[in-house]
Amino acid sequence: MARNLLVTRVQPVIVWFRDDLRLSDHPALQEAASRGAPVIGLYVRDEQSRALKPPAARPLGGATRWWLAHSLRALGKSFEAIGGTLVLRTGPAASVIATLARETNAGAVFWNDIAQAPHQAIAGDVESALASDGVVSKIFPGDLLVDPQAIRNKDNRGLRVFTPFWRRVQGLGDPPKPLPAPKKLTSVSGIASEALDEWKLEPTQPDWAGGLRESWTPGEAGAQARLKAFLDDGIEGYANDRDRPDHDGTSRLSPHLRFGEISPRQLWHAARFVAAEHPRLAGDIDKFLSELGWREFCRHLLFDVPDLAKRNLQEQFDDFPWKRDARALKAWQRGLTGYPIVDAGMRELWHSGVMHNRVRMVVASFLVKHLLIDWRAGEQWFWDTLVDADAGSNPANWQWVAGSGADAAPYFRVFNPILQGEKFDPDGGYVRRWVPELAQLPDDLIHQPWTATPIELASADVELGKTYPRPIVDHKQGRERALAAYAKIRGKG
Ligand code: FAD
């Protein structure tokens, strides 16, 4: 596109969108709109610089690619509704953005920070490319409550224990109030954009995304609706209910947060407002915000440890005698381990792109401890199948469960999948939903079908080894084997 076609009296501003696919509480967009300049929204599909720059940003998994397609479609519509355009381009961000700035005679490019090394490295290249063309770059606070640089210990390192970390965050007081969405944008017409469908982010052959479509409404409007529904109806009892996979007791906001369709400070202020209006909910709200604190903690950790998905934070785990067991890994991935709570979780994940937090802990512990499979194999499977797959929360939680991480559960604490099922899914509702072949078993057998008598099995239409597998490892033996493996590394490092 020739430069002079698009010369306007006021130079346009490009707003570069990344994991902040929303219009409200978007500091870069807000600043661009408030200048009265024409605004060009841009999303760059940049697989090149992601791959080239060490440390590389991870390519999206299948489920997050699906989410991204829908989220971009929603963002494009919201942009149009206020008179703007969202431009889609592919290529290394630095050259794509510098080229678009030249084409449109843009005077400035604004974006929100992502406090992750690969994203900051790519943004650094963008800044240099623009500077050499005399285009201004301006970077705004990102998608965290607090900049990781603001919470350091005396050795200038991020905190590795959650409770003091969260105390420090809370000690900083309320984060700034969220910004409103711009009401109207002045657009620039005639800018070439790629077609989203040609990016082929959604699966076609086979189309495995039916369950995702059933479960989610990606986009800012969907995120706001979910927050409102949760604060209106779901927050009461959250502190207890959040551990019950058979209840609808959590916000289900994680994929929306992952893609920045809603910001953590929007959550913070909305929740605090509800606590002020309804003091009896204060305990539930505090618990909810502390979960948001875990997201923050994981992201701060990632800021300090960019290779969090690859490296054991506790080095003695480098010598851990992991087993290579492709069959067991496959049985776990498919929800065919013979442990109903584990299988229910893995099937929920495959169908809907998420899994309840309590069950994530159980299935992760089962993989790492009962099957002795390296946490990185499980982390990678989650990375590919979760719609909320997050570069901080996913590896940090896997390392937490494995015992190799920050503020981690000790390795010797091995979750018992039978007791976990009985405690957190006492009526078996969660298992019945996701493992329908066990649905007719009575409550006292549903978490351990192998203890049922032949008559009990027959009357529930269950044939162990045929309609549902026998346990791939005995719980007691698995536990002992895990402890023996751990004994080999204890005290090392
Ligand atoms: P709510 O209970 O409503 O919590 C509100 C928000 O707090 C969540 O949306 C999430 O952003 C944050 N949050 C809650 N628990 C945690 C936690 N333990 N760690 C970090 N943030 C938390 N969460 C992800 O967002 N992405 C991941 O890739 C991810 N991988 C995980 C892997 C394992 C092995 C485990 C044990 C947990 C993982 N989690 C991950 C954390 C947690 O399971 C999800 O955030 C939660 O289930 C999302 O549901 P919700 O939005 O209804 O949560």
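A polar contact is taken here as a pair of N or O atoms within 3.5 Å. In the predicted model, a nitrogen atom of the ligand is placed 3.3 Å from a polar backbone atom of Arg295, and this pair falls under that definition because its atoms lie within 3.5 Å. Two side chains also approach oxygen of the ligand. For Thr250, the distance from a polar side-chain atom to a ligand oxygen atom is 2.7 Å; for Ser251, a polar side-chain atom is found 2.6 Å from an oxygen atom of the ligand. The ligand on its own exposes 810 Å², of which 95% is buried by the protein.

Two or more residues of the shell around the ligand come from each of four helices, namely H10 (254-258), H12 (282-304), H15 (357-370) and H17 (393-402). The most is given by H12, which supplies six residues. In total, 27 residues surround the ligand, and the closest are Tyr238, Thr250, Ser251, Arg252 and Asn357. Divided by class, this shell holds 14 nonpolar, seven polar and six charged residues.

Apart from the ligand site, the model contains an open sheet of five strands, ordered E3-E2-E1-E4-E5, with parallel pairing. The edges are occupied by strand E3 (85-90) and strand E5 (136-140); each has a single partner strand, so one side of each is left without a neighbour in the sheet. From one strand to the next, the twist averages 25 degrees. Strand E1 (residues 13-17) and strand E4 (residues 108-112) run parallel and are joined by four bridges. In this pair of strands, Val13 is positioned opposite Ala108 of E4.

Helices pack on this sheet. Helix H3 (residues 62-81) touches E1, strand E2 (39-45) and E3, and its direction makes an angle of about 145 degrees with that of E3. Helix H4 (residues 93-104) lies across E1, E2, E3 and E4 and runs at about 155 degrees to E2.

Two backbone features occur in loops. The peptide bond that leads from Gln205 to Pro206 is cis, its omega being near 0 degrees. Pro206 belongs to the loop between helix H6 (162-171) and helix H7 (210-215). Asn156, a residue other than glycine, has a positive phi, near 60 degrees. Asn156 is located in the loop that connects E5 and H6.

Notes. Residues are numbered from 1 along each chain as its sequence is written. This is a predicted model: local features need pLDDT of at least 70, side-chain atom pairs count only at pLDDT 80 or more; totals for chains, interfaces and linings use all residues. Side-chain values use heavy atoms; hydrogens and water are left out. A residue is near a molecule or strand if one of its heavy atoms lies within 4 Å of it. A polar contact is a pair of N or O atoms within 3.5 Å; within protein, one must be able to donate a hydrogen and the other to accept it, and residues adjacent in sequence count only if both atoms are side-chain atoms. Accessible areas come from the Shrake-Rupley method with a 1.4 Å probe; for residues, only the protein chains shown count as cover. Ala, Val, Leu, Ile, Met, Phe, Trp, Tyr, Cys and Pro count as nonpolar, Asp, Glu, Lys and Arg as charged, and the others, Gly among them, as polar. Two strands pair if DSSP finds at least two bridges between them. Axes are lines fitted to C-alpha atoms, for helices over the stretch in contact, and angles run from 0 to 180 degrees between N-to-C directions. Contact means heavy atoms within 4.5 Å.
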